[in-house]
Amino acid sequence: MGIENRQNPRYPEIGRITAPELCPLPGILDNLSLTGCKIHFPVSVVVDLDSEYMIKVALSRSIDDPLQLMCKPMWVTENQGNTQIGLQILYSPDDARLREFIAYLEEMGDDDDIPDVL
């Protein structure tokens with residue numbers, strides 16, 4: 001297996017994606033980092049890798065308005081009618097809120113250090 005060469009850690013996170021320029025149906029957030037995210041749609045989606053898309057991400061752990069993120073697709077795969085898309089997050093209107101949420105996820109990750117007691 002190859003070693004992932006990422007600038008920032010990715011966090012598994014579920015959310016609802018609204019991206020009408022990509023697909024009229026909602027998508028699902030699979031994971032999130034400061035610089036990117038992976039999403040999928042339950043249908044085939046045509047993606048222009050040279051375009052930028054504004055997506056809205058309604059996070060499962062947040063009651064605030066959805067994050068508005070300007071993204072550029074880096075890769076697309078399709079398997080059995082499902083489309084997965086890896087997106088690079090560009091400077092976005094909700095950049096500060098994204099940073100706050102990632103800091104929250106980092107804090108939550110620190111709680112995993114509690115030892116198991118048998």
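**Salt bridges, barrel and core in a predicted model**

Colleague: What makes the contact of aspartate 95 and arginine 99 a salt bridge?

Modeller: The side chains of aspartate 95 and arginine 99 meet at 3.1 Å, N to O, and a salt bridge is defined as a side-chain nitrogen of Lys or Arg within 4 Å of a carboxyl oxygen of Asp or Glu, so the pair qualifies. Both residues lie in helix α1, 4 residues apart, about one turn of the helix, where helices (H or I, at least four residues) and strands (E, at least two) are DSSP runs numbered from the N terminus. This is a predicted model, in which local features need pLDDT of at least 70 and side-chain atom pairs count only at pLDDT 80 or more, while totals for chains, interfaces and linings use all residues. Residues are numbered from 1 along each chain as its sequence is written, and side-chain values use heavy atoms, with hydrogens and water left out.

Colleague: Why is aspartate 95 called buried, and why does arginine 99 count as partly exposed?

Modeller: Buried means under 20% relative accessible area, exposed over 50%, and partly exposed in between (1.4 Å probe, protein chains only). Aspartate 95 has 16%, so it is buried, whereas arginine 99, at 47%, is partly exposed.

Colleague: How do you know that glutamate 13 and arginine 61 meet in a salt bridge, and which parts does the pair tie together?

Modeller: Their side chains meet at 3.1 Å, N to O, which satisfies the criterion already given. Glutamate 13 lies in strand β1 and arginine 61 in the loop between β4 and β5, so the pair ties together parts that are 48 residues apart in sequence. Glutamate 13 is buried, at 3% relative accessible area, while arginine 61, at 42%, is partly exposed.

Colleague: How do you know that β1 and β2 pair?

Modeller: Two strands pair if DSSP finds at least two bridges between them, and 5 bridges join β1 to β2, which run antiparallel, so the condition is met. Within this pairing, arginine 16 has isoleucine 28 in β2 as its bridge partner. The barrel closes with 6 strands in the order β1-β2-β3-β6-β5-β4, with antiparallel pairing.

Colleague: What makes a set of residues a nonpolar core, and which have the most contacts inside the largest one?

Modeller: A nonpolar core is a set of buried Ala, Val, Leu, Ile, Met, Phe, Trp, Tyr and Cys residues joined through side-chain atoms within 4.5 Å. The largest has 26 residues, and those with the most contacts inside it are Leu22, Leu32, Phe41 and Ile55.
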